[in-house]
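Please open the structure in your viewer and keep the selection tool at hand. The tour below proceeds from one selection to the next and states what is found at each stop.

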Amino acid sequence: MPAVSKGDGMRGLAVFISDIRNCKSKEAEIKRINKELANIRSKFKGDKALDGYSKKKYVCKLLFIFLLGHDIDFGHMEAVNLLSSNKYTEKQIGYLFISVLVNSNSELIRLINNAIKNDLSSRNPTFMCLALHCIANVGSREMAEAFAGEIPRILVAGDTMDSVKQSAALCLLRLYKTSPDLVLMGEWTSRVVHLLNDQHMGVVTAAISLITCLSQKNPDEFKTCVSLAVSRLSRIVSSASTDLQDYTYYFVPAPWLSCKLLRLLQCYPPPEDGAVKGRLVECLETILNKAQEPPKSKKVQHSNAKNAILFEAISLIIHYDSEPNLLVRACNQLGQFLQHRETNLRYLALESMCTLASSEFSHEAVKTHIETVINALKTERDVSVRQRAADLLYAMCDRSNAKQIVAEMLSYLETADYSIREEMVLKVAILAEKYAVDYSWYVDTILNLIRIAGDYVSEEVWYRVIQIVINRDDVQGYAAKTVFEALQAPACHENMVKVGGYILGEFGNLIAGDPRSSPLVQFNLLHSKFHLCSVPTRALLLSAYIKFINLFPETKSTIQEVLRSDSQIRNSDVELQQRAVEYLKLSSIASTDVLATVLEEMPPFPERESSILAKLKKKKGPGAVSVNELEEGKREGGELNGGGERGDNSAIAASNASTPSPSADLLGLRTGPPVTAAAPSAGSLLVDVFSEAGVNDDGFLRDLEPPTESSDSLLAEGPGDSDSAPPSVVSEDPATPLPESNELLNKFVCKNNGVLFENQLLQIGIKSEYRQNLGRMYLFYGNKTSVQFITFTTTVTCPGELQSQLNVQAKPVEPLIEGGAQVQQVINIECLTDFSDAPLLNIKFRYGGALQNLTLKLPVTINKFFQPTEMASHDFFQRWKQLSLPQQEAQKIFKANHAMDTEVLKAKLLGLGMALLENVDPNPENFVCAGVIQTKAQQVGSLLRLEPNAQAQMYRLTVRSSKDTVSKRLCELLAEQF
C-alpha cells in the first residue's frame, strides 16, 4: 500500500497491516484476518451511521485483505457510497476498490455508472480523471456501452484540461481494444486527429496511441494524420534538447512520442504529397545522422532512448521499401551495431537486417556483413542472438554465397543449441536444394546434415533427397556411391540407414562393378545395421533386400536365408513378419520376368512439391511469413526478371538465379520430365518445389516446369480439371480500372514480387515467374478485417487487341474469405505476340452486406518475356548498326525521378530481364543491355543504351528492336523507372 501523509493517516489500517506482518504462521494470519472481518462486518451492520473516514478505513482494510488472497463478499455498497463523497481521498479509495473487486456482472454496476457520470459532468478535473481511470481499469462492455459516446466529447472539448484529455484518450483506447464495435468515432474523427497539433506534449503522446490503434482498423478514415504526424516529427527531430525541456529524456527530445509517431506512419504507405514525403525523408536522414554523432551522455538511458528512435525509423524505412539511399544507410548503421558490446543492440540489428535482406535495394548491402554474421553465429554467448544470426544468414543467402553459408551452418550445427537444431536443419535443407550448383553438392550436403544432426532431420528432409535422386539419372550413381561410403562408418544414424537402404535398393547395381561394393558387400553392410534400427527402418531394409534379389540374382540364396530365419518370419511385429513371409514367397515362386516387373525401379515422382518450407514456417510459428514478405527474403539480385549473368543460349533457369552454372538445372528447367512421369496437369508451367500441398500456401520457393510434350496448348486444361469451375477469364469490355492502376503496374516492371494493392479491407500480394514465352502468376487475396468476405469472385479480362496477343487462364478462387485469412489464385500466361496493354483484374465481394467492386491492371508487361543475351563489344555495336531504321529506334530524354545511384540502376536494368553488358560502351558511365523477347509467333531482339548525366540529373534512353512497337513500349516502361 502507498504511504499516506500524516494528516490523512489511517492509524487503524497501519496497526492492522503491522499485525499481519508480525504473524508467525499462516494460521495466525488467518485468525487475525477473520477477527478483523468480523469487526468490519459488525461496523457496517451497526445502527450508527459511519462517517466517510471510517468507511474509507474499513474499505481500505477489505482491499488489503483481498490483495492478500482472501475472498471478500461484502463492503461493495460502502465502496460505492464513497464515490459520492466530495473528498478526494475517500473518492479515490472507493474507485480503487471498485476497479479491483467489482466485476461487470455486479448488481451495483448501474449505481457505479451513475456515480461515474456525475463525476464526468462535474468539470472537476481531479474527479474526472478518477472516473476515467476507473472506466479504463474495469474496461467492461457495460462500461463501453455507457460511456463510449461521452468520452470522445470530453477528449475534444475546448475547455477540457490537458490532464483530463490525456486520461480520456487512454480510456478511449482501452474501451476500443475491448469493444471496438461500440467505440464509433464518426464526427469526432477529424478533431481527434488534430490533437496531434496540441501544444501539450502529454496530450499528443496519449492521443497518438489512440490514433495508431484506430488507424490500424480504419486507415482511410484517419489518413489525414500522416501529414500532421510528419509535421510533428519534423519539429521534434529538428529541435535541440533544450527546446522541449519538460519532455527531454537524457538529452533526447521526446523519445516516446518520436517512437509512437514513427510507429503510426508504419500504418500507411509512403505519403503521396511530394512536400510531405520530402519532409519525412529529411526527418529519417536526420535520425540516421544523429545516430552517427558522439553521445551527449555516457548514461545507458541516453543510448537506449536514442537507439529506440533509430530502430523505429529503420522499421519505417523498411516498411516503405522505396528509398534506396535510406535502405542502404540503414543497413550500414545496423552493420555497426553487429559488433556492439550491448547484446540487445546486436540482437535488434540482426533482426532488422533479416527484414532488410528482403529489399532489392539493400540486399547487396546486407551481404557485405556476412563475415560478421558468421562470427556472431560462432561466438555469441546468447542463444537468441545466435538464432537471429542464423535467420539472417538464411535471409541473405543467394547463389553467390550459398556454399559458404551452408558450410558455416553445417559447422555450427555440430555445437548448436538443441532448441534450434531442428530449425537449422530445415534451413540448411532448403538452401541446399534451392541454390545447389550441382546434384553431387546437394547430395553431399544432405548426407552430411544427416551425419551431424541425424536426430533432428525430419522425414521431410530425407524424403526430399530420395525424391530428387530418383528423378535425376545423372546423380543416381554418385548418390549410391556416397551413401555406401557413409554407411561404412561404425556409428551410423538411423536416417542414414533409411537413405542408404532406399538408394542402394534402387541403384545399388550402378556401383556393383567395383569389387569393394559388390552386391554381397552392399547387402552385408546394410544387414549389419539391421538389428540396431527401429521397426519402420527394418521394414524399409526388408524391401531393399527383395529389391536386391531382382538387381543381383546371385544374392538370392543369402537373402532368402535371412528372410527365412525365425527372427523374421516369427517376428513379434506383424508388419515385419508379413513382409518377411511375403517377400520370401515372392522370391521363391515368381519367375525372373514377374519379379522384374513387380520390383522394377521406382518411377520418377510426378509430384514436385516438398513440405520442408511448410515445416519451417510451422516451426517458426503462425504468421512467420506474411503476404507482405512474399518470401522476398529468399530472392537474390532482386526478384528481378533477369537476375544476373547467363550464357548466350541458357534458359531462364529461375527468376532469381544470379550466376551461370551449366549444371544448375536441378529442378527440371531445361529438359522435360521423363515419359513415365505424368505432369500434374498439361498446363503446369510452375510448380512449388518447397511448399506443402494445397493452394493456400504462401511460400514462394517455386520453380518452372516445362509442359508435357503431348500438350497441344501450353495452357491446356489439365486432365484433373475437367470437373472444376470454368476459368474466370472473359473477353468482354471490362470495368474502368482504378486511377492508380498505371502507377501500380509501373512498380512491377522491374520486379516480380510484392503487394499489388492494399486498402483498409483487402490486400493483394503477387508472385510471378516467367520462362521464355510462358508465365505463371500467384495472387494472394488477404482479408484485413475481422469480418468474412462472401461471394468473392475475380475475373481476368483481356481488352481489345490483347485477346489475340496474350493467352490468359485463371484458376477459380475460393468464394469465401474468413476474417484475417487469405486465399491464393493461380493465373497462367502465354505470350502469343508483342503487346502494349495489360490484362485487367476485376474483384467483387460483399463486406458487411455492401458490394465491393474494384478493377486493377495485372502487372504483365512485354519485358517479362525477355531472355538475356550476352554480347561482346564488337557484336553489340555491329547489331546496333543493323537496327538503324528510324522506326526501329525509340529514344527519350527525361529528368531523373530518383537518386542516380549506380547500383540501383544496375539492379533495375537486370530486373528488366535483359543481360547487362560490362565494358561494352566506350563511356563507362553508360549502361548497355541486350535480350530477346520470346513470343509464340516470333523472337524480337532488343538492344538498350542508357546514358545518365549526373550533373544535369537527366537520362537519355535509346532502345532499338527488330519490331518498332516493342521499341516504343520498352522506352515508355523504362522511362518511368529511373
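The structure, which is a predicted model, holds 35 salt bridges. Three of these pairs, together with one network, serve as the opening stops.

**Stop 1: K61 and E36.** Select K61 and E36, which form a salt bridge with the closest N and O atoms 2.8 Å apart. K61 belongs to helix α3 (residues 52-67) and E36 to helix α2 (residues 26-45), so the pair ties together parts that are 25 residues apart in sequence. Is K61 buried or exposed? K61 counts as buried because its relative accessibility is 5%, under the 20% limit. E36 likewise counts as buried, at 5% relative accessibility.

**Stop 2: K165 and D198.** Move next to the salt bridge between K165 and D198, where the closest N and O atoms are 3.7 Å apart. Distant parts of the chain are linked here: K165 sits in helix α10 (residues 162-178), whereas D198 sits in the loop between α11 (189-193) and α12 (201-217), 33 residues apart. Colouring by accessibility will show K165 as buried, with a relative accessible area of 10%. D198 also counts as buried, at 14% relative accessibility.

**Stop 3: E506 and K547.** Select these two side chains, which meet in a salt bridge of 3.0 Å, N to O. E506 is part of helix α27 (residues 494-507) and K547 of helix α29 (residues 535-551); the pair therefore ties together parts that are 41 residues apart in sequence. Both E506 and K547 are buried.

**Stop 4: a network.** Return to the first pair and add D19 and R32 to the selection. Which residues are joined into one network by salt bridges that share partners? They are D19, R32, E36 and K61.

**Stop 5: E90.** Now select E90, in helix α5 (residues 88-101). E90 is buried yet has no salt bridge. The nearest side chain of opposite charge is that of K87, 4.2 Å away, whereas a salt bridge requires a nitrogen-to-oxygen distance within 4 Å. What does the side chain of E90 contact instead? Its polar contact with the side chain of S85 spans 2.6 Å. In addition, a polar atom of the E90 side chain lies 3.5 Å from the backbone nitrogen of Y53. To display the surroundings, show G52, Y53, K56, L82 and S85, with which E90 is in contact when neighbours within four places in sequence are left aside.

**Stop 6: the nonpolar cores.** In soluble globular proteins, nonpolar side chains tend to be buried together. The largest nonpolar core here has 195 residues, and I116 and L449 have the most contacts inside it. Centre the view on L449 and display L410, L413, V425, V428, A429, G454, V457 and V461: L449 touches each of these, residues up to four places away in sequence not being counted. Apart from this core lies another, of 64 residues, which includes I766, C831, L905 and L974.

**Stop 7: the whole protein.** Finally, select everything. The protein comprises 39 helices and 19 strands. Of its 978 residues, 55% count as buried. Among contacts with a separation of 6 or more, 69% are between residues 24 or more positions apart. A surface display corresponds to about 43,100 Å² of exposed area, of which carbon and sulfur atoms supply 50%.

Methods: Residues numbered from 1 in each chain as written. Predicted model: local features only at pLDDT ≥ 70, side-chain atom pairs only at ≥ 80, totals over all residues. Heavy atoms only, no water. Core = buried A, V, L, I, M, F, W, Y, C linked by side-chain atoms within 4.5 Å. Buried < 20%, exposed > 50% of the residue type's maximum accessible area, 1.4 Å probe, protein only. Contact = heavy atoms within 4.5 Å. Helix = DSSP H or I, 4+ residues; strand = E, 2+ residues; numbered from the N terminus. Lys, Arg positive; Asp, Glu negative; His and termini not counted. Polar contact = N/O pair within 3.5 Å; in protein donor to acceptor, adjacent residues only side chain to side chain. Areas by Shrake-Rupley, 256 points an atom, 1.4 Å probe, with all protein chains shown as cover.
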